[in-house]
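User: I am new to this structure and would like to learn how to read its features. Could you please guide me through them?

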Amino acid sequence: MTYLEVGMVINIELTKRQDLILEIVRNEGPITGEQIADKLNLTRATLRPDLAILTMAGYLDARPRVGYFYSGKSAPQLLGDLARKKFVKDYKALPVVIKESTSVYEAVCTLFLEDVGTLYVVNDKGYLAGVVSRKDLLRAMLGKQKLEEIPVNIIMTRMPNIITCYPEDSIVEVAKKLINYQIDSLPVVKEEQDGGRAVLEVVGRVTKTTVTKAYLELASDQSI
Ligand code: ADP
């Protein structure tokens with residue numbers, strides 16, 4: 001069975017007639033609406049909504065004076081197209097931010113209290129300085145030093161090595177960075193100037209869960 005995803009509605013089951021239209025265009029395209037209507041013994045007006053749906057969903061392309069042809073796009077490609085229209089700003093969660101002087105002990109408590117896996121570390125001016133993850137904290141706990149006495153800025157991954165994203169990036173770009181850099185989360189940032197220096201303000205957090213949620217919405221019909 002074929003399903004299609006259209007802007008407003010998602011997971012519409014293709015009707016028998018739409019399946020037939022796809023098959024005709026696949027085999028005989030480019031073909032005009034008139035010719036398709038003739039083949040199906042229908043009027044052009046009856047066919048118009050079906051052709052509109054198939055074109056909007058990306059299964060068919062239409063060119064003036066040429067007719068309809070099969071876009072050749074597979075369902076995964078169409079899914080990719082839709083995911084590229086899902087933006088970080090609509091999915092980001094609140095960032096959990098700590099100061100550079102925060103102790104490892106306090107950081108572990110914050111991780112549990114806030115129920116997150118990664119903390120973002122900011123400097124005195126409130127700009128992004130580093131990232132502390134679960135593994136960073138576990139590693140620090142293996143040492144002999146008292147956890148209350150180790151500030152997180154000794155153990156964090158620091159700027160400029162922090163992988164970030166912007167509110168206007170797509171969820172696909174986030175997914176790529178999480179996989180390529182083998183990390184669990186990205187701070188969402190806005191660039192600012194501080195005395196002629198580019199600095200980053202942390203405005204959100206996106207994680208593997210964020211990406212999974214966005215894709216799940218595409219797979220069910222809850223988003224739109
Ligand atoms: P975990 O430690 O829970 O497995 P990650 O896989 O995200 O979490 O972290 C692995 C390492 O990558 C840690 O040392 C962490 O400091 C670093 N890290 C996490 N997120 C980022 C990021 N956005 N940019 C750069 N480094 C990061």
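Analyst: The discussion below goes from the whole chain to a single residue. Please note that the model is predicted.

User: Which secondary structure elements does the protein chain contain?

Analyst: One begins by counting helices and strands. The protein chain has 10 helices and 10 strands.

User: How does the radius of gyration of the protein chain relate to that of a compact globule?

Analyst: The idea is to set the value for the chain beside the one for a globule. For 224 residues, a compact globule would have a radius of gyration near 17 Å, whereas the protein chain has 25 Å. Along the principal axes, the C-alpha atoms fill a box of roughly 80 × 40 × 25 Å.

User: What share of the residues is buried, and how much area does the chain expose?

Analyst: Of the 224 residues in the protein chain, 41% are buried. The chain exposes about 13300 Å², and carbon and sulfur atoms supply 52% of that area.

User: Where is Thr-102 placed?

Analyst: A residue is first located among the elements of the chain. Thr-102 lies in the loop between strand E5 (97–99) and helix H6 (104–114).

User: Why is Thr-102 classed as buried or exposed?

Analyst: The class follows from the relative accessible area, and buried means under 20%. Thr-102 is buried because its relative accessible area is 11%.

User: What does Thr-102 touch?

Analyst: Leaving aside residues up to four places away in sequence, Thr-102 touches Ala-107, Ile-150, Pro-151 and Val-152. The side chain of Thr-102 also reaches the backbone oxygen of Lys-99, at 2.8 Å.

Methods: Residues are numbered from 1 along each chain as its sequence is written. This is a predicted model: local features need pLDDT of at least 70, side-chain atom pairs count only at pLDDT 80 or more; totals for chains, interfaces and linings use all residues. Side-chain values use heavy atoms; hydrogens and water are left out. Helices (H or I, at least four residues) and strands (E, at least two) are DSSP runs, numbered from the N terminus. The radius of gyration is taken over C-alpha atoms; the globule rule is 2.2 Å times the number of residues to the power 0.38. Buried means under 20% relative accessible area, exposed over 50%, partly exposed in between (1.4 Å probe, protein chains only). Accessible areas come from the Shrake-Rupley method with a 1.4 Å probe; for residues, only the protein chains shown count as cover. A polar contact is a pair of N or O atoms within 3.5 Å; within protein, one must be able to donate a hydrogen and the other to accept it, and residues adjacent in sequence count only if both atoms are side-chain atoms. Contact means heavy atoms within 4.5 Å.
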